[in-house]
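Trainee: I would like to take a close look at a single part of this protein, with some help from you. Could you walk me through it step by step?

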Amino acid sequence: MSNKPRSPGRHFLQIPGPTPIPERVLRAIDMPVIDHRGPEFQKLSKRVLEKVKTVFQTKNPVIIFPSSGTGGWEAALVNTLSPGDRVLMFETGQFATLWNVMAKSLGLKPEFIESDWRIGADPAQIKERLKADKNHEIKAVCVVHNETASGTTSPVQEIRQVLDELKHPALFFVDAISSLGSIDLKHDEWGIDVTIAGSQKGLMLPPGLGFNAISQKALEASKKSGFAKSYWSWADMLNANTSGFFPYTPATNLLYGLDVALDMLEEEGYDRVFARHKRHAEATRRAVTAWGLEVLCKDPKYYSPVVTSVLLPPGHDADAFRATVLEHFDMSLGTGLGRVAGKVFRIGHVGDTNDLTILGALSGVEMGLELAGIPHKKGGAQAALNYLAEQARNPSHKLVAAE
């Protein structure tokens with residue numbers, strides 16, 4: 001037997017993804033593997049391919065790849081663009097940076113609007129650049145809806161309005177990997193051409209599914225794309241999906257889980273889901289403020305409902321603090337990435353979470369600050385508790401089971 005003592009209770013996974021998986025979803029995934037060319041899979045596939053449109057708020061096709069969200073990025077680019085095309089991107093954080101690196105490696109010519117990672121994509125700066133593009137050389141605008149590295153959310157609808165106002169023909173790509181199923185996003189209504197998503201965040205699944213929701217404009221663009229593709233081919237996927245199958249082996253058991261996860265989101269109601277994430281984000285920020293610490297996102301317009309990035313005082317190592325919290329309280333907090341590595345820790349409040357989950361997490365952070373010797377004021381967890389208790393007076397926040 002191991003000499004390592006067992007940690008009782010649940011592990012608090014408070015990173016912004018992968019997120020904790022509900023038991024109901026785990027049980028759905030725990031099915032015997034079936035023939036992905038047989039009639040049982042065909043029924044599952046057709047049901048899920050239709051049902052998944054709801055979470056994207058689209059009537060158009062949604063393509064599901066056995067991949068991470070990064071695969072979804074590449075699929076969006078190579079199916080619609082050609083080598084040498086110019087694309088406009090905004091530096092909201094590490095994931096926007098990685099998307100920019102990918103674009104370069106594929107042979108595209110990205111223009112990266114730089115920022116300090118403390119705001120989301122700024123519509124005014126995007127408008128200024130697009131106004132200067134008199135010859136419409138920019139073929140796509142790529143925006144990360146929710147940047148988990150910085151804890152910022154970008155105003156996708158406002159950016160769409162900029163494109164419309166300028167009558168700019170660029171395709172509009174939105175990374176919704178950490179926002180789908182947790183922040184309101186209207187693929188059709190907001191005129192998004194490709195929405196990219198992943199399974200391991202608001203959809204409450206393990207990693208392994210990448211999504212492209214596509215517009216008719218994007219589909220037309222795919223017929224003229226100059227990139228070679230095979231695994232990422234939309235045409236191959238759409239052709240096979242018509243009959244309920246895939247051009248290669250899909251992630252069959254994850255599709256069982258997706259089927260149930262979508263049911264769970266529908267049962268809670270999307271308005272409640274989005275309100276719950278905002279509520280938990282506000283509670284978290286109130287705790288951070290009460291501790292006397294600083295939220296990385298400096299403009300409330302861009303606050304993320306999914307994750308809060310917290311700056312530690314100079315001279316204090318955020319990774320050492322995270323290690324203290326993990327060792328003493330069995331809780332995983334998100335690490336700082338890229339330019340904020342070692343400077344911030346991230347509190348995830350996304351997916352299958354409730355008020356008590358968040359309060360438990362914030363209590364662990366407050367105790368960790370004390371143990372790690374981080375200068376702070378006491379009472380952050382209490383500030384969050386007070387806020388959530390007041391919010392609970394609203395009848396719309398009551399649990400369905402208690403009604």
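Trainee: Here is the residue I picked: is Arg-279 buried or exposed, and what is its relative accessible area?

Mentor: Happy to help! Keep in mind as we go that this is a predicted model. Arg-279 is buried: its relative accessible area is 10%, and a residue counts as buried when that value is under 20%. To find Arg-279 in the picture, look for helix 10, which runs over residues 270–291. You can also get a feeling for distance from Arg-279. Take Phe-211, which is 68 residues away from Arg-279 in sequence; from C-alpha to C-alpha, the two are 27 Å apart in space.

Now let us set Arg-279 against the whole protein. Among the 403 residues, 56% count as buried, and Arg-279 is one of these buried residues. The fold around helix 10 is built from 13 helices and 14 strands in total. Its radius of gyration is 22 Å, close to the 22 Å that the globule rule gives for 403 residues, so the protein is as compact as a globular protein of that length. If you draw a box along the principal axes, the C-alpha atoms fill roughly 60 × 55 × 45 Å. Contacts add to this picture: of those with a separation of 6 or more, 74% join residues 24 or more positions apart.

Since you picked an arginine, charge is worth a word too. The protein has 45 positive and 45 negative charges, and the mean positions of the two groups are 2 Å apart. As for the outside, the accessible surface is about 17200 Å², and carbon and sulfur atoms make up 53% of it.

For practice, compare Arg-279 with a few other buried residues. Ser-178 has 3% relative accessibility and so counts as buried. Ser-178 is not in a helix or a strand but in the loop between strand 8 (171–175) and strand 9 (194–198). Leaving out residues up to four places away in sequence, Ser-178 touches Asn-146, Thr-148, Lys-201, Val-306 and Val-350.

Two cysteines make a good last stop. Cys-142 is buried at 2% relative accessibility, and Cys-297 is buried at 2% as well. You may wonder about disulfides here. A disulfide is a covalent bond between the sulfur atoms of two cysteines. This structure holds 0 of them.

Notes:
Residues are numbered from 1 along each chain as its sequence is written. This is a predicted model: local features need pLDDT of at least 70, side-chain atom pairs count only at pLDDT 80 or more; totals for chains, interfaces and linings use all residues. Side-chain values use heavy atoms; hydrogens and water are left out. Helices (H or I, at least four residues) and strands (E, at least two) are DSSP runs, numbered from the N terminus. The radius of gyration is taken over C-alpha atoms; the globule rule is 2.2 Å times the number of residues to the power 0.38. Buried means under 20% relative accessible area, exposed over 50%, partly exposed in between (1.4 Å probe, protein chains only). Contact means heavy atoms within 4.5 Å. Accessible areas come from the Shrake-Rupley method with a 1.4 Å probe; for residues, only the protein chains shown count as cover. Lys and Arg count as positive and Asp and Glu as negative; His and the chain ends are not counted. The place of a charge is taken as NZ of Lys, CZ of Arg, CG of Asp or CD of Glu. A disulfide is a pair of cysteine sulfur atoms within 2.5 Å.
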